[in-house]
Amino acid sequence: MIDLVLLGCGGNVPMPNRNLSSLFINYRGHKILIDCGEGTQVSMRMKNCGFKDIDLILITHLHGDHIIGLIGLLSTIGNSGKSDNLTIVGPRGITEAINAIRVLVEYLPYKINIIEDPKETFSIENDILKDLEISALELEHSTECLGYSLYFNRTPKFNVQKALINNVPKELWNRLQNSNEIFYNNRTYTSDMVLGDDRKGIKISFVTDTRPLFTIPDFIKDSDLFVCEAMYGDDMDISKAMKNKHMTFTEAANLARLGQVKKLLLTHFSPSLENPHEYLGNATRIFENTIIGEDRLSLSLNYED
Ligand SMILES: [Zn+2]
Ligand SMILES: [Zn+2]
C-alpha cells in the first residue's frame, strides 16, 4: 500500500485555505515529495508526515509556487536528525537553485545529491526506493518544466515449489527474496530460482504546470493515480489557460481519459477559482473518476492482487 497526502492544491500564490503545490508519498516508511511550494512543511506537520525519512524530492520547475517551501523544509529536515542522503531532482537550473538556497541554509547534517534534467528512466540509491522507477517528461510551460511518473515495482511472491525444483538450500530462501544472487557452497543462486511471476506495481503520475501535450497520455498510461493541474474550472477561461500555459478541468480530464488512468486528482487551482467543486462536472462528463484536490487530502493506493 502507498499513502499519499496532497499537501497543497493552490497555484501562483498561497491563499488562506490553500497552500501551494506539493504531494507527499509514503512508501514503506520512505518518503517522497513532489514539489515544495510555500506552506508545505506546515501541512506536513498537520498531517504528522515526519521529516526525517524524506529521501527524495522531485521539483517540476523553478517557479516560486513549486519550490520556495524548500528553504524552510531543508532546514527542518536537518533538525529532524536526518543523516542519510537526500536526492533532489529537477529541470535545468535546479543545481543553481539549490546552491542559492544553501546560502540561506548553510549547514545541513545530511548530503544532498542533485539529479538535473534527467533524460531517461532512473532509480536512486536507497535500500527501499531502489524499487522505484522514475521517469520525467518535458512539459510546455512558461519555463522549463518536468512531469514525473513513478512506478513502484512489486517483488514477486516466494514460490516454494520453484525453490525445491531448483534445489535451493532452505537457509537461502529468505535471503534470496531480497538479493539478486548469492554464492553458496560453490554455486550461484539467483532470486528468480525462488520467486514466482512478476506482479503489477503501482504507478503515480504528476503533471503540472503545462498545456496539454500529445506526449502526456502515453507518459501517464495506466496510472493508478494521475495528479494533474487544473488551473481553470470554467471552459470560458481557455484563452487564459493558453496564454498562461495552464489547463482547464476539461483539458485535464481529456488527458486522463486518453491515458486510461484509474483515478484523476485535480490540483493547482487559480486563486480566482474560489470553489473548484462547482466545476467538477466539466471533468466528470469526460472522465468519471475525478476528485477535486483539497489541502491535506489523504489517499491510499493498493496493489491489485
Ligand atoms: Zn504553478
Ligand atoms: Zn509555473
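**Close-up 1. The site of the zinc ion (ligand 2) is irregular, with angles of 90 to 170° among its 4 donor atoms.** This is a predicted model, as are all the views that follow. A tetrahedral label would need every angle to lie between 85 and 135 degrees, and the range here runs up to 170°. Three histidines and an aspartate do the holding: His-61 through NE2, His-63 through ND1, His-141 through NE2 and Asp-209 through OD. These protein donors sit 2.1 to 2.4 Å from the zinc ion (ligand 2). Along the chain, the spacing of the donor residues reads H-x1-H-x77-H-x67-D.

**Close-up 2. Two of the zinc-binding histidines come from separate loops.** His-63 belongs to the loop between strand 4 (54-58) and helix 2 (64-67), while His-141 belongs to the loop between strand 7 (132-138) and strand 8 (146-154), so this pair ties together parts that are 78 residues apart in sequence. Buried or partly exposed: which is His-63, and which is His-141? His-63 is partly exposed, at 27% relative accessibility, whereas His-141 is buried, at 10%.

**Close-up 3. Asp-209 is shared between two metals, bridging the zinc ion (ligand 2) and the zinc ion (ligand 1).** The two ions lie 3.4 Å apart. Asp-209 is also the aspartate in the donor set of the zinc ion (ligand 2), where OD does the job.

**Close-up 4. A salt bridge joins Lys-262 to Asp-224.** The closest N and O atoms are 3.3 Å apart. Lys-262 sits in the loop between helix 9 (249-258) and strand 13 (264-267), and Asp-224 in the loop between helix 7 (216-220) and strand 12 (225-229), so the contact ties together parts that are 38 residues apart in sequence. Lys-262 is partly exposed, with a relative accessible area of 37%; Asp-224 counts as buried, at 9%.

**Close-up 5. More salt bridges, from a pair to a network.** A search of the whole structure turns up 12 salt bridges. In one of them, the side chains of Asp-84 and Lys-82 meet at 3.1 Å, N to O. Which partner is buried here? Lys-82 is, with a relative accessible area of 1%, while Asp-84 is partly exposed at 40%. Elsewhere, Lys-240 pairs up with Asp-237, with 3.6 Å between the closest N and O atoms; Lys-240 is partly exposed, at 39%. Then there is a trio, Arg-28, Lys-130 and Asp-131, linked in a network of salt bridges.

**Close-up 6. An open sheet of 7 strands runs in the order 6-5-4-3-2-1-15.** Its pairing is mixed. At the edges are strand 6 (112-116) and strand 15 (297-301), each pairing on one side only. Ignoring direction, neighbouring strands of this sheet are turned by 20° against each other on average. Zoom in on strand 5 (residues 86-90) and you'll find it paired with strand 6 in the parallel sense, over 5 bridges. Gly-90 stands opposite Glu-116 in strand 6.

**Close-up 7. Helix 3 and helix 4 lie across strands of the sheet.** Helix 3 (residues 70-79) crosses strand 3 (30-34), strand 4, strand 5 and strand 6. How is helix 3 angled to strand 4? The helix runs at about 165° to that strand. Helix 4 (residues 94-104) lies across strand 5 and strand 6, running at about 150° to strand 6.

How values were computed: Residues are numbered from 1 along each chain as its sequence is written. Chains are lettered from A and ligands numbered from 1 in the order in which they are written. This is a predicted model: local features need pLDDT of at least 70, side-chain atom pairs count only at pLDDT 80 or more; totals for chains, interfaces and linings use all residues. Side-chain values use heavy atoms; hydrogens and water are left out. Donors are N, O and S atoms within 2.8 Å of the metal (3.2 Å for Na, K and Ca); water is not among the atoms, so sites may look incomplete. Four donors count as tetrahedral if all angles lie between 85 and 135 degrees; four count as square planar and six as octahedral if opposite donors are over 155 degrees apart and all others between 65 and 115; anything else is irregular. Helices (H or I, at least four residues) and strands (E, at least two) are DSSP runs, numbered from the N terminus. Buried means under 20% relative accessible area, exposed over 50%, partly exposed in between (1.4 Å probe, protein chains only). A salt bridge is a side-chain nitrogen of Lys or Arg within 4 Å of a carboxyl oxygen of Asp or Glu. Two strands pair if DSSP finds at least two bridges between them. Axes are lines fitted to C-alpha atoms, for helices over the stretch in contact, and angles run from 0 to 180 degrees between N-to-C directions. Contact means heavy atoms within 4.5 Å.
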